[in-house]
Amino acid sequence: MRTAREALTNAAMHAPHAAITVRLEYRVDTVNLVVRNESVPDPAEGHRSAGPVGYGLTGMRERLALVGGRLTAAEKRGGWQVVAEVPA
């Protein structure tokens, strides 16, 4: 839950006018959370450089590692995608 909240907070802060999708996948061995924001419609309204800079991705990685999970975060087709994977 904290990972989803942090990923949504990041998307809202860095791409405030972009569409966001959240997908929860239950697989045989893992449970995956995918949070993706689309590209920002107007680059001038996109990334807010004045926003706070924190340790969101680092914190998510550390919390997931404690339960044997992992986090990947990267740009994807102009947007941003965060994938959290934990053992089922």
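Helices (H or I, at least four residues) and strands (E, at least two) are DSSP runs, numbered from the N terminus. With these labels in hand, the predicted model can be walked through piece by piece. The protein contains 2 helices and 4 strands, and reading along the sequence gives the pattern α-β-β-α-β-β.

A good place to begin is the sheet. The 4 strands make up an open sheet, arranged in the order S1-S2-S4-S3 with antiparallel pairing. S1 and S3 are found at the edges with a single partner strand each, so one side of each has no neighbour in the sheet. On average, and with direction ignored, neighbouring strands of this sheet are turned by 10 degrees against each other.

The pairings can now be taken one at a time. S2 and S4 run antiparallel and are joined by 8 bridges. Within this pairing, Arg36 has Gln81 in S4 as its bridge partner. S3 and S4 also pair in the antiparallel sense, over 7 bridges. Here Thr72 has Val83 in S4 as its bridge partner, and Lys76 stands opposite Gly79 in S4.

The helices come next. Helix H1, covering residues 2-14, lies across S1, S2 (30-37), S3 and S4, and runs at about 15 degrees to S2. Helix H2, covering residues 56-65, packs on the sheet as well, where it touches S3 and S4. The direction of H2 makes about 145 degrees with that of S3.

The connection between S3 and S4 deserves a closer look. These two strands form a hairpin with 2 residues between them, and Arg77 sits in the loop between S3 and S4. The phi of Arg77 is near 50 degrees, which is a positive value in a residue other than glycine. For context, most residues other than glycine have a negative phi. Arg77 counts as exposed because its relative accessibility is 69%, and the cut-off for that class is over 50%.

Charged side chains add another layer to the picture, with a count of 4 salt bridges. One of them links Glu85 with Arg70, whose closest N and O atoms are 3.2 Å apart. Glu85 belongs to strand S4 (residues 79-87) and Arg70 to strand S3 (residues 70-76), so this pair ties together parts that are 15 residues apart in sequence. Glu85 is partly exposed at 22% relative accessibility, and Arg70 is also partly exposed, at 49%. Both values fall in the class that lies between the 20% limit for buried and the 50% limit for exposed.

A further salt bridge joins Arg36 and Glu38, with 3.6 Å between the closest N and O atoms. Is each of these two residues buried or partly exposed? Arg36 is buried, because its relative accessible area is 8%, while Glu38 is partly exposed, with a relative accessible area of 35%. Arg36 is thus a residue with two roles in this description: it has a bridge partner in S4, namely Gln81, and a salt-bridge partner in Glu38.

Salt bridges can also be linked to one another. Arg23, Glu25 and Arg27 are connected in a network of salt bridges. Within it, Arg27 forms a salt bridge with Glu25, and the closest N and O atoms of that pair are 2.9 Å apart. Glu25 is buried, with a relative accessible area of 16%.

Nonpolar side chains can be found on the surface too. Leu8, Ile20 and Val22 form a nonpolar patch there, and together they have about 220 Å² of accessible area. Ile20 is placed in strand S1 (residues 20-26) and counts as partly exposed because its relative accessibility is 34%.

Some totals round off the picture. The protein has 88 residues, and buried residues make up 33% of them. Its accessible surface comes to about 5,900 Å², of which 56% belongs to carbon and sulfur atoms. Among contacts in the protein with a separation of 6 or more, residues 24 or more positions apart account for 50%.

Key. Residues are numbered from 1 along each chain as its sequence is written. This is a predicted model: local features need pLDDT of at least 70, side-chain atom pairs count only at pLDDT 80 or more; totals for chains, interfaces and linings use all residues. Side-chain values use heavy atoms; hydrogens and water are left out. Patches are made of residues with over 30% relative accessible area and no salt bridge: like charges are joined within 9 Å, nonpolar side chains (Val, Leu, Ile, Met, Phe, Trp, Tyr) within 5 Å. Accessible areas come from the Shrake-Rupley method with a 1.4 Å probe; for residues, only the protein chains shown count as cover. Buried means under 20% relative accessible area, exposed over 50%, partly exposed in between (1.4 Å probe, protein chains only). Two strands pair if DSSP finds at least two bridges between them. Axes are lines fitted to C-alpha atoms, for helices over the stretch in contact, and angles run from 0 to 180 degrees between N-to-C directions. Contact means heavy atoms within 4.5 Å.
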